[in-house]
Amino acid sequence: MKKISLLLVLFIVFVACKPAQKTENEKFTVVTTTTMITDLVKVLGGDAIEVKGIMGAGVDPHLYKASEGDVTKLSQADLIIYNGLHLEGKLVDVFEKMNQMGKQTLALGDFLSHEQIINSEAFASSHDPHIWFSINNWKSITELLVNELIKKDPENTAIYTKNGTAYVKQLRALKDEMEAKIAELPIEKRILVTAHDAFSYFGKEFDFEVVGLQGLSTATEAGVKDVQRISDYIIKNKVKAIFVESSVPKRTVEALQASVNSKGQKVIIGGELFSDALGNPTEETGKYIGMFKYNVNTIVDALK
Ligand SMILES: [Zn+2]
């Protein structure tokens with residue numbers, strides 16, 4: 001609590017210091033939380049938006065706490081965009097306070113309907129926050145975000161409309177390509193065991209049984225009982241491969257592998273998936289579309 005209070009004091013100071021009027025060359029500035037959101041706003045904004053992402057590659061948003069540098073960035077934003085649904089669990093208070101102080105904020109989870117969100121009592125918000133793993137959801141979010149950007153920065157309407165239309169087309173093509181790749185995997189082999197429960201939206205959209213070791217939030221460590229239960233499940237269903245994640249420590253998945261092996265069955269670690277963060281920004285996996293293709297190829301090739 002002490003840390004948050006200090007950050008809020010700093011925040012007030014920064015807000016007070018910010019000039020009310022933009023100079024002519026100043027761009028519309030958007031501060032984003034996760035790398036998925038940073039990527040989306042960069043795609044939609046092009047040169048029209050100055051995008052400042054708070055979280056980098058490999059960062060776990062469930063556990064992320066704001067630094068002083070983040071507060072500076074947030075306080076200078078024209079608009080703050082975050083995932084919501086309690087994904088950024090340690091930043092909730094900061095966002096709420098900013099809202100009360102008149103900063104414009106958007107939570108992407110609020111864009112989705114009840115039908116588009118998976119309910120889960122395992123998470124603080126009672127909703128699964130990993131909404132980007134449904135390409136359909138991400139497409140809806142893109143369309144609604146274009147409208148919001150136009151409302152908040154009408155000068156660049158043409159740019160947002162053009163980039164949004166092109167990106168929705170790319171997301172449609174991505175969905176088709178992923179369906180074709182996943183069709184290589186018979187339905188009984190579509191079992192995805194990962195380090196934490198990030199893939200329920202993916203499972204729903206592409207007919208996978210999804211098992212996550214740590215439950216929905218990485219704030220809870222996988223218990224010994226969980227490891228036993230899931231290792232029995234892997235043996236019963238003859239699962240060939242399980243997966244580690246780039247933003248979650250590998251040790252729980254390795255413990256699961258050891259447990260299966262100790263019971264006389266072999267399971268391999270099929271690769272590292274990008275779950276709650278994209279890859280390095282200079283690589284293809286540093287973009288949402290590249291990340292999705294990499295994950296699906298890794299999953300299908302390991303389970304085939
Ligand atoms: Zn997660």
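This report covers the zinc site, the largest pocket and a set of single residues in a predicted model.

**Zinc site**

Four residues hold the zinc ion: His62, His130, His196 and Asp276. Each histidine coordinates through NE2, and Asp276 coordinates through OD. The coordination distances run from 1.9 to 2.1 Å. The geometry is tetrahedral, with angles of 93 to 126° among the four donor atoms. That label applies because four donors count as tetrahedral if all angles lie between 85 and 135 degrees. For reference, the ideal angle for four tetrahedral donors is 109.5 degrees.

Along the chain, the donors of the zinc ion follow the pattern H-x67-H-x65-H-x79-D. Distant parts of the chain are linked by the pair His62 and His196, which are 134 residues apart. His62 sits in the loop between strand 2 (49–53) and helix 3 (68–75). His196 sits in the loop between strand 5 (191–194) and helix 7 (200–206). Both His62 and His196 are buried.

**Largest pocket**

The largest pocket holds about 380 Å³ of space. Its lining consists of 20 residues. Asp39, Lys42, Leu278, Gly286 and Lys287 lie nearest the centre of the pocket. Three elements give two or more residues to the lining: helix 2 (35–45), helix 6 (157–182) and helix 10 (288–303). Helix 2 provides the largest share, with five residues.

What is the make-up of the lining of the largest pocket, in nonpolar, polar and charged residues? Eight are nonpolar, eight are polar and four are charged. Both domains take part in the lining: domain 1 (2–174) and domain 2 (179–303) each give at least three residues.

**Buried residues and their partners in space**

Four residues can be set beside a partner that lies elsewhere in the sequence. The table gives each pair, with the distance taken from C-alpha to C-alpha.

| Residue | Partner | Apart in sequence | C-alpha to C-alpha |
|---|---|---|---|
| Ile80 | Val51 | 29 residues | 9.9 Å |
| Asp153 | Phe28 | 125 residues | 7.2 Å |
| Leu106 | Ile81 | 25 residues | 4.8 Å |
| Met291 | Met36 | 255 residues | 9.5 Å |

Ile80 belongs to strand 3 (residues 79–82). Its relative accessibility is 1%, so Ile80 counts as buried. Leu106 is placed in strand 4 (residues 105–107). Leu106 has a relative accessible area of 9% and is therefore buried. The C-alpha atom of Leu106 is separated by 4.8 Å from that of Ile81, a residue 25 positions away along the chain.

Is Asp153 buried or exposed? At 10% relative accessibility, Asp153 counts as buried, because the cut-off for burial is under 20%. Asp153 lies in the loop between helix 5 (135–152) and helix 6. Phe28 is 125 residues from Asp153 in sequence, yet their C-alpha atoms are 7.2 Å apart.

Met291 is part of helix 10, an element that also gives residues to the lining of the largest pocket. With a relative accessible area of 0%, Met291 is buried. Met291 and Met36 are 255 residues apart along the chain, with 9.5 Å between their C-alpha atoms.

**Positive phi outside glycine**

Asp207 has a phi near 60°, a positive value in a residue other than glycine. Asp207 lies in the loop between helix 7 and strand 6 (209–212). Lys238 is not a glycine either, and its phi is positive at about 50°. The location of Lys238 is the loop between helix 8 (224–236) and strand 7 (241–245).

Why does Lys238 count as exposed? Its relative accessible area is 66%, and exposed means over 50%.

Definitions and conventions. Residues are numbered from 1 along each chain as its sequence is written. This is a predicted model: local features need pLDDT of at least 70, side-chain atom pairs count only at pLDDT 80 or more; totals for chains, interfaces and linings use all residues. Side-chain values use heavy atoms; hydrogens and water are left out. Donors are N, O and S atoms within 2.8 Å of the metal (3.2 Å for Na, K and Ca); water is not among the atoms, so sites may look incomplete. Four donors count as tetrahedral if all angles lie between 85 and 135 degrees; four count as square planar and six as octahedral if opposite donors are over 155 degrees apart and all others between 65 and 115; anything else is irregular. Helices (H or I, at least four residues) and strands (E, at least two) are DSSP runs, numbered from the N terminus. Buried means under 20% relative accessible area, exposed over 50%, partly exposed in between (1.4 Å probe, protein chains only). On a 1 Å grid over the protein atoms alone, a cavity is a set of points where a 1.4 Å probe fits but cannot get out, and a pocket is an open set with protein on both sides within 12 Å along at least five of seven lines; lining residues have an atom within 4 Å of a point. Grid points are joined across faces, edges and corners, and a volume is the space filled by probe spheres set on the points. Ala, Val, Leu, Ile, Met, Phe, Trp, Tyr, Cys and Pro count as nonpolar, Asp, Glu, Lys and Arg as charged, and the others, Gly among them, as polar. Domain bounds come from an automatic or database domain assignment.
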